[in-house]
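User: Please take a close look at one part of this model: how its secondary-structure elements pack against each other. I am a first-year student, so plain wording would help.

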Amino acid sequence: MALSLLVVSISFYLKEYISPDSDLYATLSLVSVAGVVVMVIAFSLGLGAMPWIIMSEILPINIKGLAGSFATFANWFFSWLVTLTANLLLDWSSGGTFTIYTAMCVFTAGFVAIWVPETKGKTLEEIQQFFR
């Protein structure tokens with residue numbers, strides 16, 4: 001995701017210095033669209049499912065309903081926040097917007113690598129021990 005968003009942001013930065021009538025401008029437009037499509041596919045295969053997987057794997061049975069509701073609310077709230085602010089950010093700077101999104105993807109990948117535990121082959125009790 002981060003790499004595709006980086007490609008999109010670079011293409012938007014380059015488009016600021018190129019004449020809209022040139023062939024390179026049209027090519028950079030296609031690169032931008034391709035980068036967004038690749039990002040959506042990567043999101044669907046990776047981070048898009050992450051909140052649902054984490055909820056089902058690490059939440060103990062006694063709080064799964066309440067914590068799952070909160071996690072679902074947080075997931076949809078931040079999706080709404082990104083949707084709400086996207087047009088404002090794009091009006092400010094298209095390249096800057098996708099640079100911010102790239103930085104957030106890198107931050108999220110680091111966060112997941114450091115703080116989200118591996119649950120493969122572990123029981124719920126072993127996962128709960130990790131959090132104590």
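**Helix packing**

Analyst: Residues 66-86 are 100% helix and 0% strand, and the C-alpha atoms at the two ends of this span are 30 Å apart. The model is a predicted one. An unreviewed UniProt entry annotates residues 66-86 as "transmembrane region", along with residues 24-54 and 98-116. Residues 98-116 are 95% helix and 0% strand, with end C-alpha atoms 25 Å apart. The entry, which is unreviewed, also lists residues 1-120 as "domain: Major facilitator superfamily (MFS) profile". Over residues 1-120 the chain is 81% helix and 0% strand, and the end C-alpha atoms are 24 Å apart.

Start with α4, which runs over residues 64-92, and α5, which runs over residues 94-115. Their axes come within 6 Å and cross at roughly 140°. Oblique angles include those above 115 degrees that are not over 145, and α4 and α5 are therefore oblique to each other. On the α4 side, Val82, Ala86, Leu89, Leu90 and Trp92 take part, and they meet Ser94, Gly96, Thr97, Phe98, Ile100 and Tyr101 of α5. By class, the residues of this contact are eight nonpolar, three polar and no charged.

Helix α5 also packs against α1. The axes of α1 and α5 are 8 Å apart, and the angle is about 160°. An angle over 145 degrees counts as roughly antiparallel, so α1 and α5 are roughly antiparallel to each other. Their crossing is left-handed. From α1, the contact uses Ala2, Leu5, Leu6, Val8, Ser9, Phe12 and Tyr13. From α5 it uses Ser94, Gly95, Gly96, Phe98, Thr99, Tyr101, Thr102, Cys105 and Val106. The classes here are 10 nonpolar, six polar and no charged residues. Ser94, Gly96, Phe98 and Tyr101 are among the α5 residues that touch α1, and they are also among those that meet α4.

Helix α1 (residues 2-15) has another partner in α2 (residues 23-45), with axes that come within 8 Å and cross at roughly 160°. That angle makes α1 roughly antiparallel to α2. This crossing is left-handed. The α1 residues in the contact are Ser4, Leu5, Val7, Val8, Ser11, Phe12, Leu14 and Lys15. Those of α2 are Tyr25, Leu28, Ser29, Val31, Ser32, Gly35, Val36, Val38 and Met39. Together they comprise 11 nonpolar, five polar and one charged residues. Leu5, Val8 and Phe12 of α1 are among the residues in contact with α2, and they are also among those in contact with α5.

A last detail concerns aromatic rings. A pair of such rings is described by how far apart the centres are and by the angle between the planes. With centres required to lie within 6.5 Å, the count is six aromatic pairs. One pair is Phe77 with Trp80: the ring centres are 5.8 Å apart and the planes are at 40°, so the pair is tilted. Phe77 and Trp80 are three residues apart in α4, which means that about one helical turn separates them.

Technical notes: Residues numbered from 1 in each chain as written. Predicted model: local features only at pLDDT ≥ 70, side-chain atom pairs only at ≥ 80, totals over all residues. Heavy atoms only, no water. Axes fitted to C-alpha atoms, helices over the stretch in contact; angles between N-to-C directions. Helix = DSSP H or I, 4+ residues; strand = E, 2+ residues; numbered from the N terminus. Parallel < 35°, antiparallel > 145°, perpendicular 65-115°, else oblique. Left-handed = near helix turned anticlockwise from the far one by under 90°. Contact = heavy atoms within 4.5 Å. Nonpolar A, V, L, I, M, F, W, Y, C, P; charged D, E, K, R; others polar. UniProt positions renumbered as here; feature names shortened; annotations may be inferred. Phe/Tyr/Trp six-rings, centres within 6.5 Å; stacked < 30°, edge-to-face > 60°.
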